[in-house]
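This report goes through a single protein chain, with attention to charge pairs, surface patches and backbone angles. The sequence and structure come first.

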Amino acid sequence: MKVGHVIRSERIRQDMKQIVLAKGICTPSYLSKIERNLIHPSDDVAELLLERLGIDATKFHEPDHINSDKEFMELILASYRMVITKKDKTYTKQQLDMLMAINPLSYDDSVYYTYLLVTFRFRLILGGDLEERKIELDAVDGLTSYFDEFQMYLFNINRGLFYYVSGILVKSIHYFEAAFETMNNLSLDDWEVAELHYMIGITYVADNRTLHSREHVQKALSYFSSQFLMGRVMDCYIIMGVVHKQSRNFDESLNAYLKARQICEEFGLNSNLELILHNIGALYGVIGDREKAIKSFKESYEYNSHLTNGQLLSILCIAMEYSKLKNKKLILEWCEKGIKHYELLENEGQASYYHQLSFMKSMYSENGLCEDIAKTSLVYFKENLHYELVSKYSIALANWYFENKKYKLSATLYEEAHKYGNIYRNITEWEDL
């Protein structure tokens, strides 16, 4: 029974030592050989190991190879291609369910690893509990010494995407760039190259690397346009709107967003309208048109009748706009709304918004800023590498200390703000300021 790769994968996922799994069944050295598929254990030994891992051993005896290894690999990769190019969550869920309904245990190790990587990618796209995804990612990390070059590429893409949705851009960029470096060594299809350009582009734009982002997104846009993949074309126009905004080309930014909105409405891609409205609001916010900014953010917030992560961001932005107008009543009202929204979402990946709303609510409350809330927020931002937010909220706390004549603490926080602002902008020498 060829089960070594399955046993190894599940043991690592459960963070179980070989000596623990092997106890009373076989020696750890024998288990090591099983896991590397150097030897095939007897059915009795295999079943005992699988039972200890909580895997139903009968699945290995069920009729298998409805498809051959080659055919199953082709099915996985075809599903992967369609999910990435369509970028539709309903379709992604259908494809994930289809793959999960197939018993992967009897296929060879290379097919099995690709299956794990692709199904993990689908779960990332669908969202959900990031803690669960982190456990899965760490488990797969323990298998990388057995991956071929393409599987390592897929794994770096998964890591880049995981850290992007987690808001840890430093790590996200690192892994996407690692994937990009190996791209030329692989025979990737044009669609996959375009997708990689798009992912690097959105990560760069989130990190304010405008020129790099524009180059990658333009390449993605060129391919998606040529293939008439209008949903992906719309995605690229949204990112180009952000790029132009960061470059302060406000007219071009608005035109890009309006093109995205036109595609959205003409092709019935309404799931993206919330995001487009939000980005238009953000543009008006930068221009300084508070009325139009708040109007667009509210349209974005009200677009969906059910809770979304995008709604939470729109709530934060509305609170920020009212903060600029110094309207305490409405600041507190929207902060409260945002905190309740976060609690109902139960999504730890949105904790950054929660801490910002809590900080702002405290800052504008009757009793003034609460140091404990402020410090807790700063610790969270540091631990999650949100250096721009560390700088921003350190300034707010420093200002509060100064107003309350706590000059030494104020000076320390201003230094922190300066330090983390430079880290965020990748400035390491004073000559580069």
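## Salt bridges between helices

Arginine 123 and glutamate 136 meet through their side chains in a salt bridge, with 3.3 Å from N to O; a salt bridge here is a side-chain nitrogen of Lys or Arg within 4 Å of a carboxyl oxygen of Asp or Glu. This pair links distant parts of the chain, since arginine 123 is in helix α7 (residues 109-126) and glutamate 136 in helix α8 (residues 130-141), 13 residues apart. Helices (H or I, at least four residues) and strands (E, at least two) are DSSP runs, numbered from the N terminus. Arginine 123 and glutamate 136 are both buried. Buried means under 20% relative accessible area, exposed means over 50%, and partly exposed lies in between (1.4 Å probe, protein chains only).

The model is a predicted one: local features need pLDDT of at least 70, side-chain atom pairs count only at pLDDT 80 or more, and totals for chains, interfaces and linings use all residues. Residues are numbered from 1 along each chain as its sequence is written, and side-chain values use heavy atoms, with hydrogens and water left out.

The structure holds 23 salt bridges. Side chains of opposite charge can pair when their charged atoms come close. Three of the pairs are set out below.

| Pair | Closest N to O |
|---|---|
| Arginine 11 and glutamate 35 | 2.5 Å |
| Arginine 123 and glutamate 136 | 3.3 Å |
| Lysine 406 and glutamate 371 | 3.3 Å |

The closest N and O atoms of arginine 11 and glutamate 35 are 2.5 Å apart. Here too the pair links distant parts of the chain: arginine 11 belongs to helix α1 (residues 4-13) and glutamate 35 to helix α3 (residues 28-35), 24 residues apart. Arginine 11 counts as buried because its relative accessibility is 11%, and glutamate 35 is buried at 2%.

Lysine 406 forms a salt bridge with glutamate 371. Lysine 406 sits in the loop between α21 and α22 and glutamate 371 in helix α20 (residues 371-383), so the pair ties together parts that are 35 residues apart in sequence. Lysine 406, at 31% relative accessibility, counts as partly exposed, as does glutamate 371 at 24%.

Salt bridges also link Lys87, Arg121, Glu195, Arg232 and Asp235 in a network.

## Overall fold

The secondary structure of the chain comes to 22 helices and 0 strands. Along the principal axes, the C-alpha atoms fill a box of roughly 75 × 55 × 50 Å. Of the 433 residues, 51% count as buried.

The UniProt record, an unreviewed entry, carries the annotation "repeat: TPR" for residues 274-307; its positions are given in the numbering used here, feature names are shortened, and annotations may be inferred rather than shown by experiment. The span 274-307 is 82% helix and 0% strand, and its end C-alpha atoms lie 12 Å apart. Glutamate 291 lies in helix α16 (residues 290-303) and is exposed, with a relative accessible area of 69%. From glutamate 291 to asparagine 185 the C-alpha to C-alpha distance is 51 Å, with their positions 106 residues apart in sequence.

## Surface patches

Ile395, Phe402, Tyr407 and Tyr414 make a nonpolar surface patch of about 400 Å². Two or more residues of this patch come from each of the elements α21 (387-403) and α22 (407-424). Patches are made of residues with over 30% relative accessible area and no salt bridge, with like charges joined within 9 Å and nonpolar side chains (Val, Leu, Ile, Met, Phe, Trp, Tyr) within 5 Å. Isoleucine 395 lies in helix α21 and is partly exposed, at 37% relative accessible area.

A patch of negative charge on the surface gathers Asp43, Asp44, Glu47 and Glu51; Asp and Glu count as negative and Lys and Arg as positive, while His and the chain ends are not counted. Aspartate 44 has its place in helix α4 (residues 43-52) and counts as exposed at 56% relative accessibility.

## Positive phi angles

Most residues other than glycine have a negative phi. Aspartate 15 has a positive phi near 55°. The residue is in the loop between α1 and α2 (18-22), and aspartate 15 is exposed, with a relative accessible area of 69%. Lysine 326, also not a glycine, has a positive phi of about 60°. Lysine 326 lies in the loop between α17 (309-324) and α18 (328-345) and counts as exposed at 60% relative accessibility.

How values were computed. Areas by Shrake-Rupley, 256 points an atom, 1.4 Å probe, with all protein chains shown as cover. Charge placed at Lys NZ, Arg CZ, Asp CG, Glu CD.
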